[in-house]
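Okay, thanks everyone, let me put this one up on the screen. I'll start with a strand and then move on to the packing around it.

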Amino acid sequence: MTRPVALVTGAAGQDGSYLTERLVADGYAVHAVVRSPVVATDGVSIHEVDLTDHDGLRRLVLGTAPDEVYNLGGISSVAQSWSEPVRTAEVSGVAVLAILQACLELQQSLGRPVRLLQASSAEIFGEPTDSPQTEATPIRPVSPYGAAKALAHHAVHVYRAHGLHASTAILYNHESPRRPTTFVTRKITRTVASIAAGSSDSLRLGNLDARRDWGWAPDYVDAMVRAIRHDRSDDYIVATGHAHSVRDFVAIAFAHVGIDDWERHVVVDPGLFRPGDPTLLVGDPGHARRTLGWTTSHDFQALVQAMVDHDVALLADA
Ligand code: GDP
């Protein structure tokens, strides 16, 4: 029997790396689309294609003939989208149309299904009035990032109506040891590990009252795989349904290394506050739970502790 084939954009990122490992473990031949060179691993072919190269994307889809296409690539932060709005629209919006069109073309020429999973985002909801959000919450983005993701989201619906098994996972914040330290979670766990080791003594943060619906990234990757392999294509909110503050995260992280009086290590820097932090986004994962049998492996405390453990081990090995 021939191995199933998967194509993954954004394969070098947090989610892409977990997904690639998962697909290899599932016995897939994986084609990983990356922007800059990475070291190849067993079962993975690397393709350096920029998401603005729409012809290149089309050729890649047609040439690799995947059974499953996971579109995870693109700009990964709202802040970055404000400094590069046009590029954001191209890589997180227009590229998705190129990929969808190529999938439909491939499906028609091979006469067998080509499935697609779009990594959508809670940012498509902008400043919703309903909380928690569901798959029925109106799409009203308020940033270039949200607008690009909304275009992609609508495009998936268009191609679904044209016979493509195309699904979206509407992802809320999801964290792991593979998060870069530009995100507050990893910044906290890395600094806490370093404070515990005696190599630094303070953690400089912005708004401790900011809240997010934070989940465990490998669980979110599992939801994407379940969605693409489900009989019917659909949209799924992938979230925990619970919000926690930066302060909660900090307290659990310090407690895990045996520091209870964490306040003396934290410096609140007004320069790190964001002007107008956005409306709190909390997702209702009920549809994914009921339809896909999706469950989470790490609650909030376990998530924080796993990230701290990783950073403590990294420092010990250094
Ligand atoms: P995102 O804004 O949801 O993409 O994720 P971040 O991890 O960058 O930020 C989450 C929240 O933490 C935001 O509301 C920030 O205002 C807040 N925050 C507080 N201190 C910091 C900090 O030092 N760095 C970052 N990145 N965020 C911080």
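**Strand β1 and the nonpolar cores**

So, first pairing: β1 runs parallel to strand β2, residues 29-34, with five bridges between them. Keep in mind that this is a predicted model. If you want a spot to look at, L7 has H31 as its bridge partner in β2. Add helix α1, residues 14-25, and you get a right-handed β-α-β unit made of β1, α1 and β2.

Then there's β4, residues 68-71, which also pairs with β1 in the parallel sense, over four bridges. There, A6 sits opposite E68.

Now, how buried is β1? Five of its five residues, 5-9, are buried, so the strand is largely enclosed by the rest of the structure. V5, L7 and T9 point one way, A6 and V8 the other, and all are buried. That fits the general picture, where side chains in a regular strand alternate between the two faces of the sheet.

On to packing. The largest nonpolar core has 30 residues, and V8, L19, L23 and Y70 touch the most other members. Elements giving two or more residues to this core include β1, α1, β2 and α7 (217-229). The top contributor is α7, with eight residues.

Which residues does Y70 touch? Leaving out anything up to four places away in sequence, its contacts include A6, L7, V8 and T9, plus L19 and L23, and also M224, V225 and I228.

Last thing: apart from that core lies another one, of 27 residues, with L57, L106, L116 and A155 among them.

Note on methods
Residues are numbered from 1 along each chain as its sequence is written. This is a predicted model: local features need pLDDT of at least 70, side-chain atom pairs count only at pLDDT 80 or more; totals for chains, interfaces and linings use all residues. Side-chain values use heavy atoms; hydrogens and water are left out. Buried means under 20% relative accessible area, exposed over 50%, partly exposed in between (1.4 Å probe, protein chains only). Two strands pair if DSSP finds at least two bridges between them. A crossover is right-handed if, with the strands pointing away from the viewer, the path from the first strand over the helix to the second runs clockwise. A nonpolar core is a set of buried Ala, Val, Leu, Ile, Met, Phe, Trp, Tyr and Cys residues joined through side-chain atoms within 4.5 Å. Contact means heavy atoms within 4.5 Å.
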